[in-house]
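Here's a quick briefing to read alongside the model. Have a look at the chain first, then we'll go through a strand-rich stretch and a patch on the surface.

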Amino acid sequence: VPSRPPSKITAKNHTSLAEIPISWEPVPQEFIHGRHVGYRVTYQDVSIGDLPAYFEPVMCIDIGNENTSMILRDLEPLVVYKITVAAISNQGPGPKGVTFGETCRCYKHLTTNWRNYPPYVDLKSLSSPGVIIPRLLEEVINECCGECRAHGKSELDFSRSGNNGTSEQNRSEYLLENIDNQTDFSFPVNGYKLQNSYRGGLEYSPFVESAGVAFLTFQDSSDAKHAMFVTLEACWPVVVLSLVMAYIAGLIMWLLDTKSNNQHFPTSFIHGAWEGVWWAFVSMTTVG
């Protein structure tokens, strides 16, 4: 059997959604050890997106010895494949050379289901994505999908949904009714921070976190002491009114109690009136 694997095994990543071209250098005849029959190519899913794939079947293709390249077809998008190539002699296959290849991650057109909800979604026209969610979503698509050799960069379609209907919905109820596994993105859909699924089987991504209710207040830049002085100065009519009312109440109290209680309210106007005013002030300030 051959004692050396093919060298320089190369896979062209992101060629298309369902194909990966591969090529290799032939094994020199002195390492075949028999009659060179051809090459055996195998490929197997090792990851789908960011998730590892386990127990996926190994697909096997035998081709003639005149070939040093081929195209793996009928593959799945967004999948990394482990690819092996081994020379085959009339005694059997030799050691395998290994490489990895990846199909394109996204389709050319990604469908949407949305409604205007400023400031999160505010599509003035279909050619100009609205602020926040649509613009962030476009950046995410560019970063995650990358560029495919077959169709270039992926694009968000803001006009058609996955069911070939109109993307724009007039009401929140219509938006929720049109969420299904045929449309790629639906927004905005309210949820909570740690939510990762919707209606049991659909993926949910918390995209924009709301800050909740905020209060805007005016902050005076003037000195705090000056502001306090101005405030107290503006209250002088209230202070004067309180003193006048305390004086009047004290006089009335002195007139009513001076005959029956001259010990606390002397009959002398100066002393008695003062005691009455003092009584009124203490009662008013609740310290007596």
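Keep in mind that this is a predicted model. Two spots get the attention here: residues 5-109, which an unreviewed UniProt entry annotates as "domain: Fibronectin type-III", and a nonpolar surface patch of about 950 Å².

**The annotated domain**
- Across residues 5-109 you'll find 56% strand and 0% helix.
- The C-alpha atoms at the two ends of that stretch sit 41 Å apart.

**How the strands pair**
- Strand S1 (residues 7-11) runs antiparallel to strand S2 (residues 20-25), and 3 bridges join the two.
- For a landmark in that pairing, look at threonine 10, which stands opposite serine 23 in S2.
- S2 also pairs with strand S6 (residues 69-72), again antiparallel, this time through 4 bridges.
- Here the facing residues include isoleucine 22 and, in S6, methionine 70.

**The nonpolar patch**
- Nine names to click on: Trp236, Val240, Val244, Tyr247, Ile248, Ile252, Leu256, Phe269 and Ile270 make up the patch.
- Helix H4 (236-257) and helix H5 (269-285) each put in at least two residues.
- H4 gives the largest share, with 7 residues.

**One patch residue up close**
- Tyrosine 247 is part of helix H4.
- Is tyrosine 247 buried or exposed? Neither, quite: its relative accessible area is 41%, so it counts as partly exposed, a class that runs between the 20% and 50% cut-offs.

Definitions and conventions:
Residues are numbered from 1 along each chain as its sequence is written. This is a predicted model: local features need pLDDT of at least 70, side-chain atom pairs count only at pLDDT 80 or more; totals for chains, interfaces and linings use all residues. Side-chain values use heavy atoms; hydrogens and water are left out. UniProt positions are given in the numbering used here, feature names are shortened, and annotations may be inferred rather than shown by experiment. Two strands pair if DSSP finds at least two bridges between them. Patches are made of residues with over 30% relative accessible area and no salt bridge: like charges are joined within 9 Å, nonpolar side chains (Val, Leu, Ile, Met, Phe, Trp, Tyr) within 5 Å. Accessible areas come from the Shrake-Rupley method with a 1.4 Å probe; for residues, only the protein chains shown count as cover. A salt bridge is a side-chain nitrogen of Lys or Arg within 4 Å of a carboxyl oxygen of Asp or Glu. Buried means under 20% relative accessible area, exposed over 50%, partly exposed in between (1.4 Å probe, protein chains only).
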